[in-house]
Amino acid sequence: MTAKLSAEPQTPRSVCNVYAYLTSDNARKSFDKPATCDPASYYLSEGAYHSARAILLQMECIILRTLSFDVKIVTPHHLAMTYLQTLGVFQSEPSSKSRAVAARTLAHLNLALFSPQLLYLTNQPIALAVAAIYLASREVGVKLPGNEWWEVFDVEREDLGFLVVAMRSCEAWIRAEKEKWLDRPCPLDIGELEVELKRRDQDSDG
């Protein structure tokens, strides 16, 4: 479903091919080492593809029914681009700095999806967009108009400060998680996920 709504929609075959690659033994040995696995280890035959496609579409139907087909959602990404234009970052002829600010803004918003603080569930899209713009403009060195420009978008200083700190901490948390998974494969199906959850319960009890 996400692939269908992205800027570059992907076909079910592409999704199934990627999943077949990720679940191949050699591809899951390490995050750091370049993939050297034999293509035959993740080849998806025509029959296997049709089976995987049927499961994929079935899961999509289950998700849509669970959501009552209500898939209207406001994301901070397009809000951030609109706010950058409002703040005058985008001129008639975009500069290298304005492009850099836009790229860094989207990068912070994408990185925040991995936040252990569940920023997308606990904060409004407007606040997320403003925090990403704040970080990106400081990183690139673009001065925005006004001393407290975020108030124009009805974002409080305290909320902005919390989100900025949370977004900055995402990268360190992701690096720590990467180190944690170097020696074992990441769970990609229900069985592996149940094993991982059981292991975590045992670690917390011990």
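## Exposed loop positions with positive phi

Aspartate 154 counts as exposed because its relative accessibility is 68%, where exposed means over 50% relative accessible area, buried under 20% and partly exposed in between (1.4 Å probe, protein chains only). The model is a predicted one, in which local features need pLDDT of at least 70 and side-chain atom pairs pLDDT 80 or more, while totals for chains, interfaces and linings use all residues. Residues are numbered from 1 along each chain as its sequence is written, and side-chain values use heavy atoms, without hydrogens or water.

Aspartate 154 sits in the loop between α7 and α8, and although aspartate 154 is not a glycine, its phi is positive, at about 60 degrees. Most residues other than glycine have a negative phi. Serine 68, which is likewise not a glycine, has a positive phi near 55 degrees, and serine 68 belongs to the loop that joins α3 (46–66) to α4 (76–86). With a relative accessibility of 59%, serine 68 also counts as exposed.

## Overall make-up

The protein consists of nine helices and zero strands, these being DSSP runs (H or I, at least four residues, for helices; E, at least two, for strands) numbered from the N terminus. Read from the N terminus, the order of elements is therefore simply α-α-α-α-α-α-α-α-α.

Of the 206 residues in the protein, 26% are buried. Among contacts (heavy atoms within 4.5 Å) with a separation of 6 or more, 69% join residues that are 24 or more positions apart.

## Helices α4 and α5

Helices α4 and α5 pack with their axes 10 Å apart and at an angle of about 155 degrees; axes are lines fitted to C-alpha atoms, for helices over the stretch in contact, with angles from 0 to 180 degrees between N-to-C directions. The two helices α4 and α5 are therefore roughly antiparallel to each other, given that angles over 145 degrees count as roughly antiparallel, under 35 as roughly parallel, 65 to 115 as roughly perpendicular and the rest as oblique.

On the α4 side the contact involves Pro76, His77, Ala80, Met81 and Leu84, and on the α5 side Val101, Ala102, Thr105, Leu106, Leu109 and Asn110. By class, the residues of this contact between α4 and α5 are eight nonpolar, three polar and no charged, where Ala, Val, Leu, Ile, Met, Phe, Trp, Tyr, Cys and Pro count as nonpolar, Asp, Glu, Lys and Arg as charged, and the others, Gly among them, as polar.

## Helix α7 against α5 and α8

Helix α5 also packs against α7: the axes of α5 and α7 come within 8 Å and cross at roughly 135 degrees, which means that α5 is oblique to α7. From α5, the residues Lys97, Ala100, Val101, Arg104, Thr105, His108 and Leu109 meet a set in α7 made up of Leu128, Ala129, Ala132, Ile133, Leu135, Ala136, Ser137, Glu139 and Val140. The contact of α5 with α7 comprises 10 nonpolar, three polar and three charged residues.

Helix α7 (residues 125–140) has a further partner in helix α8 (residues 157–180), and here the axes come within 9 Å and cross at roughly 65 degrees. That angle makes α7 roughly perpendicular to α8. In this case Ala127, Leu128, Val130, Ala131, Ala132, Tyr134, Leu135 and Arg138 of α7 meet Leu160, Leu163, Val164, Met167 and Arg168 of α8, and the residues of this contact divide into 11 nonpolar, no polar and two charged.

## Buried loop residues

Leucine 87 lies in the loop between α4 and α5, and with a relative accessibility of 13% leucine 87 counts as buried. Neighbours within four places in sequence aside, leucine 87 contacts Ile133, Leu144, Pro145, Trp149 and Phe153. One of these contacts joins distant parts of the sequence: leucine 87 and leucine 144 are 57 residues apart in sequence, while their C-alpha atoms are 6.7 Å apart in space.

Serine 115 is placed in the loop between α5 (96–111) and α6 (119–122). At 4% relative accessibility, serine 115 is also counted as buried, whereas aspartate 154, in the loop between α7 and α8, counts as exposed.
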